[in-house]
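Open the model in your viewer and keep the selection tool at hand. Each stop below tells you what to pick and what to look for.

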Amino acid sequence: MAVPLRPENNSIEMKRTALAIITLATMATASAQVEASDSTFNHAGGSRFTVGGYGEVVFSRNFYSDHVSRYSQPEAHKNDPSHGRFDIPHAVVYLGYDFGKGWSMGTEIEFEHGGNGIAYEKEDEEGGEWEQETEKGGEVELEQFWLQKSFARWANLRVGHIVVPVGLNNAHHEPLNFFTVYRPEGENTIMPSTWHQTGVSFWGRYGDFRYEAQFLAGLNADHFTNVGWIKKGNKSPLEFDVANKYGAALRIDNYTVPGLRIGLSGYYGHSIGNSYPSEANGVGATYKGKVVIGSVDFTYKGYNWIVRGQADYGYLGDAEQLKYVYNRLNSKSPYKHSAFVSSNAYAVGVEAGYDIFSQIACLREKQQKLYLFGRFEAYNPYASATKDTHYDYTAVKRMAFGINYYPIKQIVVKGEYSKRYLKSLYNDEPSVNIGIAYEGFFM
C-alpha cells in the first residue's frame with residue numbers, strides 16, 4: 001500500500017525524495033516506501049527514470065549606482081543613472097533513477113547566470129579591479145549527485161554530493177517557494193545558496209516529523225568575506241573538495257498543525273586550515289575557525305494565504321585571525337582577500353501573500369492564482385566590528401511588494417518593487433524586478 005503524499009510544500013522532499021524514489025508503487029514493501037510531499041512529484045508519471053527541473057528568467061532595473069566606490073564615496077554617485085539587466089539566475093535539470101530494492105540515485109545540474117565561458121568582472125571586494133574568470137558571469141555545477149539506500153520510511157542513507165538544508169532558503173530554494181523575483185537576500189548573502197557539499201546523510205520521516213543529519217567536509221575560511229560572511233566557504237578552485245576539517249548539519253521539520261511546517265536547523269564545523277596545501281605552522285595550524293549556525297523557519301498555507309519566515313544567527317571563531325592567513329595575503333592565490341571578516345552574522349525575514357483570485361469564481365475554477373505579497377528582511381554579514389574595523393554598508397533592511405501570477409500550477413510570473421535601506425550616510429537602493437519561472441517533472 002502506497003504511503004499517501006502530504007500536501008505541504010516541502011522542496012527538500014520534492015527534490016530529494018522525488019528524484020530518489022521515483023515511484024512508490026515499485027517499492028517491494030510499504031516499510032521501504034518514502035513519501036514525497038511536494039505536488040510537483042505528481043508530474044513524475046510513474047517512471048523509474050525521471051527528468052525534471054526549474055528555471056528563471058529575470059529583468060531588473062536598479063535605480064542606484066553600481067559603481068565600486070558607491071559606499072566609500074556615496075555623494076559622488078548619488079545622481080548616477082539607473083542600470084538594467086536581463087539574467088537567467090538558475091536553470092536546473094534533475095535526473096533520477098530508481099534501481100529497485102530500495103536503491104536510487106539523483107543528480108542535479110545547475111547553470112547559473114547563463115552558463116560557462118570567459119568573462120570579465122569588476123571585483124568590488126578588491127577595490128574594483130578587473131578580473132578574468134572562466135565563466136560567462138556564472139557557473140555550471142553538479143549541485144547534487146548521490147546514491148541512496150532506503151531501508152524504511154524512517155531510515156534512508158544517502159552518500160554523495162548533497163544539499164545542506166540549513167535555513168529556509170537552502171531547504172526551499174526553488175522559485176515557486178518564495179515570492180520575490182530573486183531568492184530572499186538575507187540568507188542568500190550570509191550563507192552558500194544553494195549550499196551543497198559532498199558527504200553522508202541519514203534522513204527519514206516518523207509521524208509528524210522529518211529529520212536529517214549530515215556529515216560533511218568543512219568549510220574553507222580562506223573564502224570568507226566581509227560582505228558575504230561564509231557564503232563562498234563551500235567553493236573549491238581545486239579538482240576536489242578539501243577535507244582537512246569536518247562539519248555536521250542537522251534539520252528537523254514538524255507538520256503537526258495542518259498547513260504549517262516549522263523547521264529547526266543548524267551547522268557546526270571547523271574552517272581555518274581546511275585549505276590546500278595545509279601548513280605545519282602559522283594561523284592554519286593554531287586556530288580552528290569554528291562555524292556555528294542556528295536557524296528557525298516556517299511556512300504556512302491556509303485560507304488562501306501563504307506566509308513564510310526565518311531567523312538565522314551565525315558565529316565564527318577566530319575571525320580576527322583570517323586577515324593574516326597566508327592564502328589570503330598571497331596576491332597569486334585564488335583566495336586573496338584583504339578585508340576583515342565578522343565573528344557574527346544574522347538574517348531575519350518574513351513574507352506574506354494572499355490569493356485574490358480565490359475570490360473570483362471563474363478564475364478559481366480554472367485554478368489560476370494571483371498572490372499580492374509583501375516582504376521585509378534585515379541582514380548583516382558583518383554584524384560585529386572585527387579589530388574595531390567597520391563596514392557600515394553591510395547592514396541592510398529591505399522591503400519588497402508585488403505580485404505572483406500562476407496561470408498553471410508549475411509556472412509563475414513575478415513582478416516586484418523593492419528597496420534596500422542602508423545607514424544614513426549611504427544612498428538607498430530601489431529597484432524594479434520582473435521574472436518568469438517554472439518548476440516540474442517531465443517524465
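What follows is a tour of strands, two cavities and a few single residues.

**The whole chain**

Show everything as a cartoon. This is a predicted model. The protein has 6 helices and 19 strands. Now colour by burial. Of the 443 residues in the protein, 55% are buried. Contacts reach across the sequence as well: of those between residues at least 6 apart, 69% join residues at least 24 apart.

**First stop: β8, β9 and β10**

Select residues 155-163, strand β8, and residues 196-206, strand β9. The two run antiparallel and are joined by 8 bridges. For one pairing, click Ile 162: its bridge partner in β9 is Gln 197.

Add residues 209-217, which form strand β10. β9 and β10 also pair in the antiparallel sense, over 8 bridges. Tyr 206 has Phe 209 of β10 as its bridge partner. Between these two strands, the hairpin leaves 2 residues. Pick Gly 207 there; its phi is positive, near 60°.

**Second stop: β13 to β16**

Hide the earlier strands. Select residues 291-302 for strand β13, and add β14. They pair in the antiparallel sense over 12 bridges. What takes a positive phi in the hairpin of β13 and β14? Tyr 303 does, with a value near 55°. That hairpin has 2 residues between the strands.

Next, extend the selection to residues 344-355, strand β15. β14 covers residues 305-316 and runs antiparallel to β15, with 11 bridges joining them. Tyr 313 is a good place to look: Tyr 346 is its bridge partner in β15.

Now click Gly 314. On one side, Ile 293 stands opposite this glycine of β14. Gly 314 also stands opposite Ala 345 in β15.

Finish the set with residues 369-380, strand β16. β15 and β16 are antiparallel too, paired over 10 bridges. To see one pair, select Gly 349 and its bridge partner in β16, Glu 377.

**Third stop: the cavities**

Switch on cavity display. Rolling a probe the size of a water molecule over the atoms shows where empty space is left. How many cavities of 30 Å³ or more does a search of the whole structure find? There are 6.

Go to the largest cavity, with a volume of about 120 Å³. Its lining has 15 residues. Centre the view on Gly 218, Lys 235, Ser 236, Asp 241 and Val 242, which lie nearest the centre of the cavity. By class, the lining of this largest cavity holds 6 nonpolar, 7 polar and 2 charged residues.

Move to the second largest cavity, which holds about 80 Å³ of space. Select its lining in two steps. Start with Leu 168, Asn 169, His 172, Asn 177, Phe 178 and Pro 184, which are among the lining residues. Then add the others: Glu 187, Arg 308, Gln 310, Glu 351 and Arg 375. Helix α2 (168-171) and strand β14 each supply at least two of the lining residues. The classes here are 3 nonpolar, 4 polar and 4 charged.

**Fourth stop: Asn 170**

Stay with α2 and click Asn 170, which is found in this helix. Is Asn 170 buried or exposed? Its relative accessibility is 2%, so Asn 170 counts as buried. Show its side chain. The side chain of Asn 170 reaches the backbone oxygen of Val 166 at 3.1 Å. Leaving out residues up to four places away in sequence, Asn 170 touches several others, including Val 163, Pro 165, Met 191 and Trp 195.

**Last stop: two loop residues**

Select Thr 394, in the loop between β16 and β17 (396-408). Thr 394 counts as buried because its relative accessibility is 6%, under the 20% cut-off. Among its contacts beyond four places in sequence are Asn 226, Val 227, Tyr 379 and Tyr 382.

Now jump to Ser 424, in the loop between β18 (411-421) and β19 (429-441). Ser 424 has a relative accessible area of 77% and is therefore exposed. Draw a distance from its C-alpha atom to that of Asp 392: it reads 9.9 Å. Along the chain, Ser 424 and Asp 392 are 32 residues apart.

How values were computed. Residues numbered from 1 in each chain as written. Predicted model: local features only at pLDDT ≥ 70, side-chain atom pairs only at ≥ 80, totals over all residues. Heavy atoms only, no water. Pairing = 2+ DSSP bridges. Helix = DSSP H or I, 4+ residues; strand = E, 2+ residues; numbered from the N terminus. Buried < 20%, exposed > 50% of the residue type's maximum accessible area, 1.4 Å probe, protein only. Contact = heavy atoms within 4.5 Å. 1 Å grid on protein atoms, 1.4 Å probe; cavity = no way out; pocket = protein on both sides within 12 Å on 5 of 7 lines; lining within 4 Å. Points joined across faces, edges and corners; volume = space filled by probe spheres on them. Nonpolar A, V, L, I, M, F, W, Y, C, P; charged D, E, K, R; others polar. Polar contact = N/O pair within 3.5 Å; in protein donor to acceptor, adjacent residues only side chain to side chain.
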